[in-house]
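Visitor: Please pick one part of this model and take me through it closely. Then show me how it sits in the rest of the chain.

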Amino acid sequence: GDDNIDQTVNIATGGTRTLNIGINDGTDVTTWATKGNITHVGTLTVGVDDAGNDVRIYSATADEGLLYDASEDELGLLLTTKLSFHDIGGDENILASADGHLEINAGTTLDITAPTVDVNAGSSVRIDAAGTSNFNTSAGALGLSGYTGITLDASNGGNIEINVTAA
């Protein structure tokens, strides 16, 4: 057959139908609109390398979802969309609950392992812990356990003072 024919195909029958589309020269654009589920078997490629195409996945909630913005080389979880780990609806996730507010949530333990952990804050670092608090370092420079209040005060000529309240 002729591979250079532009054609619209309408399938409007009930049941399961299969439509095979072959594009031979790689320059054609195929667009389809469907109602219901689509199953794709094989690799799905969007665009070509170094050209970029945006990809948008919509949520059931207005303006939520996922956006890959090719011009920014950025994958965005829009508004309060969560990145969940282990299971959907579980306690392990990362989300922006408001503009400027990022949350990292864990059901039981948040474990950060690295040779150096660097926390930079413009105004304050606050640790709220229910129950017993333990702060230890491998060098033994700081080891606090069982305190209800710990205050770091750097207003004394650049020195940091640690004030603790016993449990």
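Guide: Strands here are DSSP runs of at least two residues, numbered from the N terminus. By that rule, Ala 106 falls in the loop between E6 and strand E7 (134-136). Keep in mind that this is a predicted model. The part to look at is the sheet that E6 belongs to, together with the loop after E6.

Start with the sheet. It has 3 strands, is open, and runs in the order E4-E5-E6 with antiparallel pairing. Its edges are strand E4 (83-84) and strand E6 (101-105), each of which pairs on one side only. Strands of a sheet pair through backbone hydrogen bonds, either parallel or antiparallel. Between E5 and E6 the antiparallel pairing covers 5 bridges. Within it, Ile 94 is set opposite Ile 104 of E6.

Now go to Asn 93. This residue belongs to strand E5, which covers residues 93-98. Is Asn 93 buried or exposed? Asn 93 is buried, because its relative accessibility is 5% and the cut-off for buried is under 20%. Its contacts, leaving out neighbours within four places in sequence, fall in two stretches of the chain. One stretch holds Lys 82, Leu 83, Ser 84 and Phe 85. The other holds Glu 103, Ile 104 and Asn 105. Among these, Leu 83 and Ser 84 are the residues of E4. Glu 103, Ile 104 and Asn 105 lie in E6. So Asn 93 of E5 touches residues of both edge strands.

Move on to Ala 106, in the loop between E6 and E7. Its relative accessible area is 32%, so Ala 106 counts as partly exposed. Not counting residues up to four places away in sequence, Ala 106 touches Asp 91 and Glu 92. How far is Ala 106 from Ile 94 in sequence and in space? They are 12 residues apart in sequence. From C-alpha to C-alpha the distance is 8.9 Å.

Next, the surface. Ile 104, the residue opposite Ile 94, is part of a nonpolar patch of about 510 Å². The other members are Leu 110, Ile 112, Val 117 and Val 119. Leu 110 sits in the loop between E6 and E7, as Ala 106 does. Leu 110 has a relative accessibility of 53%, and therefore counts as exposed. The cut-off for exposed is over 50%.

Now step back along the chain, to the loop between E3 and E4. Thr 81 lies in this loop. Apart from residues up to four places away in sequence, Thr 81 touches Glu 64, Gly 65, Ile 94 and Leu 95. Ile 94 and Leu 95 fall within E5. The side chains of Thr 81 and Glu 64 share a polar contact of 2.9 Å. A polar atom of the Thr 81 side chain also lies 2.9 Å from the backbone nitrogen of Gly 65.

Gly 65 leads to another pair of strands. Strand E2 (residues 65-69) and strand E3 (residues 74-78) are antiparallel partners over 5 bridges. Gly 65 has Leu 78 of E3 as its bridge partner. The hairpin of E2 and E3 has 4 residues between the strands.

What about backbone angles? Most residues other than glycine have a negative phi, and most peptide bonds are trans. Asp 73, in the hairpin of E2 and E3, takes a positive phi near 50 degrees. Leu 79, in the loop between E3 and E4, also has a positive phi, near 50 degrees. With 52% relative accessibility, Leu 79 counts as exposed. Asp 50 is not a glycine either, and its phi is positive, about 70 degrees. Asp 50 precedes strand E1 (55-58). Asp 50 is exposed, at a relative accessible area of 79%.

Finally, the whole chain. It has 0 helices and 10 strands, giving an unbroken β pattern along the sequence. Of its 167 residues, 7% are buried, and Asn 93 is one of the buried residues. Among contacts with a separation of 6 or more, residues 24 or more positions apart account for 0%. The exposed area is about 14800 Å², of which carbon and sulfur atoms supply 49%.

Methods:
Residues are numbered from 1 along each chain as its sequence is written. This is a predicted model: local features need pLDDT of at least 70, side-chain atom pairs count only at pLDDT 80 or more; totals for chains, interfaces and linings use all residues. Side-chain values use heavy atoms; hydrogens and water are left out. Buried means under 20% relative accessible area, exposed over 50%, partly exposed in between (1.4 Å probe, protein chains only). Contact means heavy atoms within 4.5 Å. Two strands pair if DSSP finds at least two bridges between them. Patches are made of residues with over 30% relative accessible area and no salt bridge: like charges are joined within 9 Å, nonpolar side chains (Val, Leu, Ile, Met, Phe, Trp, Tyr) within 5 Å. Accessible areas come from the Shrake-Rupley method with a 1.4 Å probe; for residues, only the protein chains shown count as cover. A salt bridge is a side-chain nitrogen of Lys or Arg within 4 Å of a carboxyl oxygen of Asp or Glu. A polar contact is a pair of N or O atoms within 3.5 Å; within protein, one must be able to donate a hydrogen and the other to accept it, and residues adjacent in sequence count only if both atoms are side-chain atoms.
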